[in-house]
Amino acid sequence: MSTSQQQQRVILVTGANKGLGFEVVKKLIKEPSSSKNDLILLGSRDLKRGQDAIKQLGSPANVHLLQLDTSSPSSIAQATNEIKQKYGGKLDTLINNAGIFIHENTVDAARSVFATNYYGIRTLNEHLSPLIKENGRIVNVASEVGAWALHEMSNDLQKKYKSSTLTKEQLDALVGDFISAIGSNRLEELGYNSKLPFLIYGTSKAALIALTRVEAREWSGAKNVLVLSVTPGLCKTDLSNHAPEARSAELGADSIVFPVNASANELENGQFYQDGQQKPQSCACPKDLSHLSKKQE
Ligand SMILES: NC(=O)c1ccc[n+]([C@@H]2O[C@H](COP(=O)([O-])OP(=O)(O)OC[C@H]3O[C@@H](n4cnc5c(N)ncnc54)[C@H](OP(=O)(O)O)[C@@H]3O)[C@@H](O)[C@H]2O)c1
């Protein structure tokens with residue numbers, strides 16, 4: 001690599017062929033300070049959709065496509081090798097944006113949602129955290145629905161998700177028990193509110209916010225890496241079915257980009273952010289969603 005290439009920030013955004021991830025890439029290439037220097041890896045599980053997204057951006061020279069299905073361990077291993085071979089094996093920032101929402105409340109739906117929203121990010125971070133440079137950042141895109149889901153759990157269960165000594169193995173066990181409880185109707189027994197709207201999606205994001213805190217403790221050591229979770233807020237994208245009350249994806253992308261560019265003293269390792277403000281790990285949903293739980297029954 002030439003010296004000028006070595007000075008680039010290398011930023012990977014997963015699930016960036018549309019929606020918020022695409023808006024994040026758009027913002028990163030428009031930043032006056034970084035547009036010429038940063039190398040942006042636009043992650044897309046589908047090659048064609050990724051190529052189309054790059055075309056839509058006007059094919060900037062510093063945006064490269066990285067094929068990556070975050071729910072697939074073999075795709076993660078392949079993308080990790082590609083970063084090592086083509087891009088010098090170093091990343092400044094990893095933005096774990098890829099995420100899904102499924103309406104059904106079934107074990108299969110839960111398996112799919114957790115494969116992308118929790119296990120995929122956990123595995124990708126395991127592979128890529130050794131490549132993150134000194135003072136680098138990992139940004140896990142969660143949701144305020146995760147904080148609402150945690151708030152609805154029993155006190156005992158909340159304590160487990162919030163524990164300052166929680167390990168990844170313990171969190172995996174909590175997640176595994178949640179998924180199997182959906183099939184065996186044991187959610188209430190374990191301390192989940194089975195009537196909660198968006199329960200599977202919300203629990204996957206509660207687990208991701210908890211994972212972020214565990215990863216922050218684990219990786220903050222020698223390299224000063226910060227691991228943070230963010231929510232973009234409810235935004236008009238395919239995932240929200242372009243909800244009329246939602247804000248623009250552009251505004252949501254600002255919330256995701258904040259921890260990428262903020263100075264280290266504006267951020268607290270492991271914490272959850274929206275629009276540049278730290279949010280609690282759990283909070284009551286400010287809206288009445290009871291009409292949605294009736295629809296789910
Ligand atoms: N929109 C909201 O209101 C909202 C609110 C809070 C949090 N979020 C979070 O923000 C993130 C982005 O959501 P969005 O609203 O932009 O959704 P979106 O418009 O549906 O876009 C999701 C993106 O993720 C990709 N993706 C899904 N599963 C993937 C996988 N296994 N591997 C790689 N890419 C995958 C999709 O690729 P394909 O095109 O191939 O499907 C797409 O590029 C998600 O984590 C979501 O949970 C969104």
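# A tour from the ligand shell to the salt bridges

The shell around the ligand is made of eleven nonpolar, twelve polar and six charged residues. This is a predicted model.

**Stop 1: the ligand.** Select the ligand and the residues around it. There are 29 of them, and Leu 20, Arg 45, Tyr 201, Cys 235 and Thr 237 come nearest. Now show the backbone atoms. A polar backbone atom of Cys 235 sits 2.7 Å from a ligand oxygen. For Asn 97, a polar backbone atom is 2.8 Å from an oxygen of the ligand. At Gly 15, a backbone N or O atom lies 3.2 Å from a ligand oxygen. Switch on the surface: the protein buries 95% of the 900 Å² that the ligand exposes when taken alone. Then colour α2 (19-30) and α10 (199-219), the elements that give two or more residues to this shell.

**Stop 2: Thr 14.** Select Thr 14, in the loop between β1 (10-13) and α2. Is Thr 14 buried or exposed? Its relative accessibility is 2%, so Thr 14 counts as buried. Follow the side chain. It reaches the backbone nitrogen of Asn 97 at 2.9 Å. A polar atom of the Thr 14 side chain also lies 2.9 Å from the backbone nitrogen of Ala 98. Widen the selection to sequence-distant contacts of Thr 14, among them Gly 43, Leu 68, Thr 70 and Leu 124.

**Stop 3: Arg 9.** Opposite charges next. Side chains of opposite charge can pair when their charged atoms come close. The model has 16 salt bridges. Select Arg 9 with Glu 31: their side chains form a salt bridge, N to O at 3.4 Å. Glu 31 is in the loop between α2 and β2 (39-44), and Arg 9 is in the loop between α1 (3-6) and β1, 22 residues apart. Add Asp 38, whose salt bridge with Arg 9 has its closest N and O atoms 2.8 Å apart. Asp 38 lies in the loop between α2 and β2, so its pairing with Arg 9 ties together parts 29 residues apart in sequence. Check the cover: Asp 38 is buried at 3% relative accessibility, and Glu 31 is buried at 13%. Arg 9 is partly exposed at 22%.

**Stop 4: helix α5.** Go to residues 107-128. Asp 108 and Arg 111 both lie in this helix, three residues apart, about one turn. Their salt bridge has its closest N and O atoms 3.6 Å apart. Asp 108 is exposed, at 56% relative accessibility. Arg 111 is exposed too, at 51%.

**Last stop: a network.** Select Arg 122, Glu 126, Lys 168, Asp 172 and Glu 218, which salt bridges link in a network.

Conventions: Residues are numbered from 1 along each chain as its sequence is written. This is a predicted model: local features need pLDDT of at least 70, side-chain atom pairs count only at pLDDT 80 or more; totals for chains, interfaces and linings use all residues. Side-chain values use heavy atoms; hydrogens and water are left out. A residue is near a molecule or strand if one of its heavy atoms lies within 4 Å of it. A polar contact is a pair of N or O atoms within 3.5 Å; within protein, one must be able to donate a hydrogen and the other to accept it, and residues adjacent in sequence count only if both atoms are side-chain atoms. Accessible areas come from the Shrake-Rupley method with a 1.4 Å probe; for residues, only the protein chains shown count as cover. Helices (H or I, at least four residues) and strands (E, at least two) are DSSP runs, numbered from the N terminus. Ala, Val, Leu, Ile, Met, Phe, Trp, Tyr, Cys and Pro count as nonpolar, Asp, Glu, Lys and Arg as charged, and the others, Gly among them, as polar. Buried means under 20% relative accessible area, exposed over 50%, partly exposed in between (1.4 Å probe, protein chains only). Contact means heavy atoms within 4.5 Å. A salt bridge is a side-chain nitrogen of Lys or Arg within 4 Å of a carboxyl oxygen of Asp or Glu. Lists of a residue's contacts leave out its neighbours within four places in sequence.
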